[in-house]
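Here is a friendly walk through one protein model. Have a look at the picture first, and then we'll go through it piece by piece.

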Amino acid sequence: MYDLLVYIGRFQPFHAGHYHVVEEAAKISKNVLILMGSYGSRPNFNNPFSDIERAQMIHEATREITSNIKIIGI
């Protein structure tokens with residue numbers, strides 16, 4: 001069992017593949033740190049969702065996996 005696993009991505013949007021990675025990470029680690037890229041950039045063609053929207057998507061999708069997930073924008 002690991003103490004911490006880090007997952008880096010833009011998550012535009014957070015989809016089933018991302019969910020699967022977080023789910024597997026939570027099985028083998030006490031804590032999962034999600035580093036959300038493109039932080040601070042305004043929504044545009046390549047990044048259609050804001051930081052707040054993406055963090056909410058991730059939080060809502062993963063709340064039943066574990067409470068030991070932290071999301072940080074980079």
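Let's start with Arg54, which has plenty of company: apart from neighbours within four places in sequence, Arg54 is in contact with Arg10, Phe11, Gln12, Met36, Gly37, Ser38, Tyr39 and Phe49. Keep in mind that this is a predicted model. You'll find Arg54 in helix 2. Is Arg54 buried or exposed? Its relative accessible area is 1%, so Arg54 is buried. The side chain of Arg54 also makes a polar contact of 2.7 Å with the side chain of Asp51.

**The sheet**

Now zoom out a bit. Three strands make an open sheet, in the order 1-2-3, with parallel pairing. Strand 1 (2–9) and strand 3 (69–73) are the edge strands, each pairing on one side only. On average, neighbouring strands in this sheet are turned by 20° against each other, direction ignored.

Strand 1 and strand 2 pair in the parallel sense over seven bridges, and Ile8 stands opposite Leu35 in strand 2. Strand 2 (residues 29–36) and strand 3 are also paired in the parallel sense, over five bridges; here Val32 has Ile69 in strand 3 as its bridge partner. How many of the eight residues of strand 2 are buried? Six of them are, so strand 2 is mostly covered.

**The helices**

Two helices lie across these strands. Helix 1 (residues 16–28) lies across strand 1, strand 2 and strand 3, and runs at about 150° to strand 2. Helix 2 (residues 51–62) lies across strand 2 and strand 3, and its angle to strand 2 is about 155°.

For a look at the outside, try Lys27, which sits in helix 1. Lys27 counts as exposed because its relative accessibility is 52%, and the cut-off for exposed is over 50%. Its side chain joins that of Glu24 in a polar contact of 3.1 Å. Lys27 and Ile65 are 38 residues apart along the chain, and their C-alpha atoms are separated by 8.8 Å.

**The core and its rings**

Which residues make up the largest nonpolar core? There are 11 residues in all: Tyr7, Phe11, Phe14, Val22, Ala25, Ala26, Val32, Ile34, Met36, Ile58 and Ile69. Helix 1 and strand 2 each supply at least two residues of this core. Ile34 is a good place to stop and look around: leaving aside neighbours within four places in sequence, Ile34 is in contact with Tyr7, Phe11, Val22, Ile58, Ile69, Lys70, Ile71 and Ile72.

Some of the core residues carry rings, and the count comes to two aromatic pairs. In general, a pair of aromatic rings is described by the distance of the centres and the angle of the planes. Here are both pairs:

| Aromatic pair | Centre to centre | Angle between planes | Arrangement |
|---|---|---|---|
| Tyr7 and Phe11 | 5.2 Å | 70° | edge-to-face |
| Phe11 and Phe14 | 5.8 Å | 50° | tilted |

Tyr7 and Phe11 are both buried, and so are both Phe11 and Phe14. Tyr7, Phe11 and Phe14 form one aromatic cluster.

**The loops**

The loops have a few quirks. As background, most residues other than glycine have a negative phi, and most peptide bonds are trans. Phe11, found in the loop between strand 1 and helix 1, has a positive phi of about 55° although it is not a glycine. Phe11 counts as buried because its relative accessibility is 2%. Pro13 is placed in the loop between strand 1 and helix 1, and the peptide bond from Gln12 to Pro13 is cis, with omega near -5°.

Next comes the loop between strand 2 and helix 2, where Ser38 has its place. Ser38 is a residue other than glycine with a positive phi, near 60°. With 26% relative accessibility, Ser38 counts as partly exposed.

Asn47 lies in the loop between strand 2 and helix 2. Is Asn47 buried or exposed? Asn47 counts as buried because its relative accessibility is 10%, and buried means under 20%. Setting aside neighbours within four places in sequence, Asn47 is in contact with Arg10, Gln12, Ser38, Ser41 and Arg42.

Key:
Residues numbered from 1 in each chain as written. Predicted model: local features only at pLDDT ≥ 70, side-chain atom pairs only at ≥ 80, totals over all residues. Heavy atoms only, no water. Pairing = 2+ DSSP bridges. Helix = DSSP H or I, 4+ residues; strand = E, 2+ residues; numbered from the N terminus. Axes fitted to C-alpha atoms, helices over the stretch in contact; angles between N-to-C directions. Contact = heavy atoms within 4.5 Å. Buried < 20%, exposed > 50% of the residue type's maximum accessible area, 1.4 Å probe, protein only. Polar contact = N/O pair within 3.5 Å; in protein donor to acceptor, adjacent residues only side chain to side chain. Core = buried A, V, L, I, M, F, W, Y, C linked by side-chain atoms within 4.5 Å. Phe/Tyr/Trp six-rings, centres within 6.5 Å; stacked < 30°, edge-to-face > 60°.
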